[in-house]
Structure formats: C-alpha cells, structure tokens
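Here are some exercises to work through with the structure in view. Try each task yourself before you read its solution.

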Protein chains: 2
Amino acid sequence: MNPPPRELLSINTATVRKQWGLSEIIAGCARRGIRQISPWRDQVAAVGLKETAQRLRDAGVRLSGYCRGGMFPALDRAGRKAALDDNKRAVDEALMLEAPCLVLVVGGLPKDAGGRIASKDLPGARAMVRDGIGELLEHARPAGMPLAIEPLHPMYAADRACVNTMAHANDLCDELSPGANAGLGIAVDVYHVWWDPDLEREIERAGGYSGRLMAFHLCDWLVPTADLLLDRGMMGDGVIDLPLIRSWMEAAGYRGPHEVEIFSERNWWKRDPDEVLATCVARHQTVC
Amino acid sequence: MNPPPRELLSINTATVRKQWGLSEIIAGCARRGIRQISPWRDQVAAVGLKETAQRLRDAGVRLSGYCRGGMFPALDRAGRKAALDDNKRAVDEALMLEAPCLVLVVGGLPKDAGGRIASKDLPGARAMVRDGIGELLEHARPAGMPLAIEPLHPMYAADRACVNTMAHANDLCDELSPGANAGLGIAVDVYHVWWDPDLEREIERAGGYSGRLMAFHLCDWLVPTADLLLDRGMMGDGVIDLPLIRSWMEAAGYRGPHEVEIFSERNWWKRDPDEVLATCVARHQTVC
C-alpha cells in the first residue's frame, strides 16, 4: 500500500499528556506540521475552553474529535441523570471547539459512590448505554454535534465500556439513528477491534451509511502487554496489521483523520515529547 | 437459582499447581470428595502416564477434560507438522486417562524459534487453526476422543488463541464436523466469554447439537485485573454473573462438570491448597 497522506495524521493528546499540557501540545504539533489533535476534557478545562479555542485558531490546529463523553450506566436514576447532564456539557464544549465528533466511551457496569463496581448485570448496563445515547442524541443532533461510539476491547467490558465490538456499535446506530449522516457513528480504534473476526465485514457495514465511520485511531498491541490500560505500543512495535485495517477503512469510504492514541506508562510517556511526535509522524508514513 | 449439584465440581489442576504436584492434587481432591479433575500434560508427564492413570483409579477420581492440545499455527510446514504430531500424542494420552475430551487452546500468531511472534497475518493464523483441527480430527475421531475448542478472551488473540468468540468456535464445528455427537465441540470458560453480547445465543446454538457443549469452566473476572494471564479471581470475587451463564448452559442442555480453573499469582497460588479447594467447594454451592 501507499503511505497515507501526511495531512491525515492527528495526535490524541493523551499520547504526550504526561510530559506536556494542552498549550504545549498544540504548539508542539503545529511546529511539526501536525494540524489535527483530539484533546481530553480535563486538559481543555485546565487551559479554559475559550482560551483553548483561541490557541487552536492561532496555531492553525483543528480537532479530529473530542475526548470524551459516555459513562452512561449508574446505579440509580439520579446517577444516570448526572451522567446525561455531563454529556450535554461535553457536547457543548465540542461545539465550541468545532470538533467533528464527540467520542463516547460508553461505560461498563454501574459503580457505587466509591467507584467500585456494584452490579453484575451486563445486559442491564448495555440497556442503560442504549438509553443514554438515545437521550444524548436529542441534545446533540439538533445542535449539530455527531456522536461517535467507540467500541472498547472486551477486557474493558466491566469498568470502561460494555460496547466491545463493531457489530454492537453498528446495531446501536441502526436502532437509535439509522440511515446516512444521522449524527451517530463509530470511532474505530485498532487497539480495541483488531482481533475481531468480523472486523472487515462490520467496517464495510458501517461504511454503507455515509458519515457513520467517524474516526480511526492508531497504535499497536504489544506482546507481552504488561498492563491492561497503560501499555499500548507505537505503530509498528506490535502485532496489528495496520495497513490491512486501513485498507478496509478506505474500501468502506473513510477518508478522515488517522489519530494516534498511545497510553504508555513504561515507554512513550517517559520520552521527550518532541521525539514522540517525530516518531508518530515517521511511523505513520512507514508502517500504517 | 438452586445451587448446582455438588458432584459436578471439578478442579482444573492449574488452580493449585504452584503448591502441589499432580499426585497430591489427586489425593487432596479425593479427601474433599471432589471426584473430577482436569490435569495438564506437563503435570501428567512429571508423574508418568501409567502411574497417573493408576492413581486416578485408586483415588476414584476421573477426568472432566485433559489440558491441552492446540497451538496449531507455525511459520512453516515442518512447524505445523510438529504441532500436529504433538497433538496426536495428546489425544493418545487423553485416551489412556479416559478423558471425556481434549481441550484445544488453538494458538495465536506464528512464532519464530525464539518464541517471538513473527507474523501479523491473523486471518492466516485462523486458517492454520482450521486446517490443524481438521487434520487432528482424522486421528481423534476414529480413536473416539472428542476435541473441545476453547475460545479464549480476545486479549490472548496474538499469543495464545485466535479463536476468541463462541460464534467462531461454533462456525468451526459447523465447517469441520457438523451435526450431533460429531467429536468436535466447545469448552465454555466464563473468563473468556462473559463479555460477549452474543453469548446466550451462541450457547443455545451449540446446544442445538448434542455433545457440542463439552466443558464449562468457572472462575471470575477481577476489577482491576493486575495481569493479563495470572490474575483470575475465585468465583464470587469478580463481576461475572455466574448463575446467569450457568442457566444458559443448562437451558442449552448441558449437564456436565463445572471445572474451576484459576491462575492467580498474587492470591490463590500463595495460599494453603487445602484452603483453596475448600473455597472452591463452598463458592460452587453459594455463588455459581
């Protein structure tokens, strides 16, 4: 395959979050010709929403997505209402920052006030996710902010997201917002879905609806993986056939950003962030 | 739900492997009235095959399965032939021990001589698994040894097993050995499949063929999970709705053993093995 267009590269700001604040990330990306980022809400809050918007404009950097909404399940109605309200605020922030979509990490089993999982009802949690996305759509759709469901790896089903396959995400889109350009879609992160034997078919299925494939996230799966959350690999250092999955995305009509998102406690978070960005740029051209 | 019949409890010998050799495990289980175990090949080899068979007879303990065959993918034809030959020996050992099935952990991406993953071709690995099981069936079926495909959690797709869902295992059965009592089936381990939104449907699908549901393995998923391989939980200590999954197995016609398999470096492998067995017996009655 040909290397991807350089201008598609985006940096999810978690990739250098241990080294840099958001203002430094925006400036660092701009210096290197990276014109897209996907920031996290806490990073934006630390700088301030208006200030962030201004810095993005000044630097000529735009968003490839906004991280993140979701976390819908809760033990009681008040908890679910609080989650919905917080999601509405996330939509409003995404609008202010002119993000193309708000990424949803939908949440896992309901937790108690201490953050401990307090239910084993996985079908029930999935119903809360469906209902939560449905309610959020009533706010996001008229406001013009697309919502991107991110299926997470099954190892996060309990504590982060109980939508764990592309098929499940496609089913939710079909149920809640069918058709093309319907304001609900999918963020495809290779780390979460690379193992799925139905991946090609479900990417193709999503591609059948214009606007459903909303994001494409890159990193790599390391063997061995030392930590369930914080040991992602740089593209090319692991076992994922990245060009193959990109070819499926392109065959399905996706032409959007390639967003690098690496949580790496033992490696990339310890390095010079300029070197991390340079590596992202190089690997994007050579192994993706 | 009613507690399960006590006599269905089986102990996978990995559960106390750090504390005891196989002879002690057999004796320890017999003392506690546990009449079924599932031993690993290295443990059997350490005691000797005939000696193991004799000790099982003397103790009145039988097998609920034999661990394990599989690991089919290899970089070249010679490697795949070696894997097949080793699998045939595993079948012969299982016959000697009168196991009801040989459990298959099918293998992930092909590795080089140093044990490092040397391919990113996941569809290719899956084809090798299909071909390997097909060839092994030619040996196992006439010999009368059922083969049980164990779908492993997707987090093991690269290095242990690239069959990661019940649907994939059912598809392999349909392709390689369709129909009832066909000598090829599935080992359902809650740890690997609890997250799957299609689990109930795929258990029901397997149950449609008498003899396809060959094993049912119990443990629990801990939050947080500290290690991808060696941090399984005792039943009741995690987030899996065990009675719900048992109800699906029973609705599908499964009446076989409930095999406890816990790899636990930080907890159960450090405890008195008699206490571990007592806990298995108690939890089987109270939370499964």
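**Exercise 1.** Find the rotation and the shift along its axis that superpose chain A on chain B.

*Solution.* Keep in mind that this is a predicted model. Step one: a turn of 180° lays chain A over chain B, with an RMSD of 0.0 Å. Step two: the shift along the axis of that turn is 0.0 Å. Step three: these values are therefore the relation of a two-fold axis. Step four: both copies use the same surface, since 100% of the contact residues of chain A recur in chain B.

**Exercise 2.** How many residues of chain A are in contact with chain B, and into which classes do they divide?

*Solution.* Begin with the count: 23 residues of chain A are in contact with 23 residues of chain B. Now sort the side of chain A that touches chain B: 14 residues are nonpolar, 4 are polar and 5 are charged.

**Exercise 3.** Describe how helices H5 and H6 of chain B cross.

*Solution.* First, locate them: H5 of chain B covers residues 122–143, and H6 of chain B covers residues 166–176. Next, look at their axes, which come within 11 Å and cross at roughly 50°. An angle from 35 to 65 degrees counts as oblique, so H5(B) and H6(B) are oblique to each other. The crossing of the two helices, H5(B) and H6(B), is right-handed.

**Exercise 4.** Which residues of H5(B) and H6(B) meet?

*Solution.* From H5(B), take B:Arg130, B:Ile133, B:Gly134 and B:Leu137; they meet B:Leu172, B:Glu175 and B:Leu176 in H6(B). Sorted by class, the residues of this contact are 4 nonpolar, 1 polar and 2 charged.

How values were computed: Residues are numbered from 1 along each chain as its sequence is written. Chains are lettered from A and ligands numbered from 1 in the order in which they are written. This is a predicted model: local features need pLDDT of at least 70, side-chain atom pairs count only at pLDDT 80 or more; totals for chains, interfaces and linings use all residues. Copies are superposed by least squares on the C-alpha atoms of residues with pLDDT of at least 70 in both. Two residues are in contact if their C-beta atoms, placed from the backbone, lie within 7 Å. Ala, Val, Leu, Ile, Met, Phe, Trp, Tyr, Cys and Pro count as nonpolar, Asp, Glu, Lys and Arg as charged, and the others, Gly among them, as polar. Axes are lines fitted to C-alpha atoms, for helices over the stretch in contact, and angles run from 0 to 180 degrees between N-to-C directions. Helices (H or I, at least four residues) and strands (E, at least two) are DSSP runs, numbered from the N terminus. Angles under 35 degrees count as roughly parallel, over 145 as roughly antiparallel, 65 to 115 as roughly perpendicular and the rest as oblique. A crossing is left-handed if the near helix is turned anticlockwise from the far one by less than a right angle, and right-handed if clockwise.
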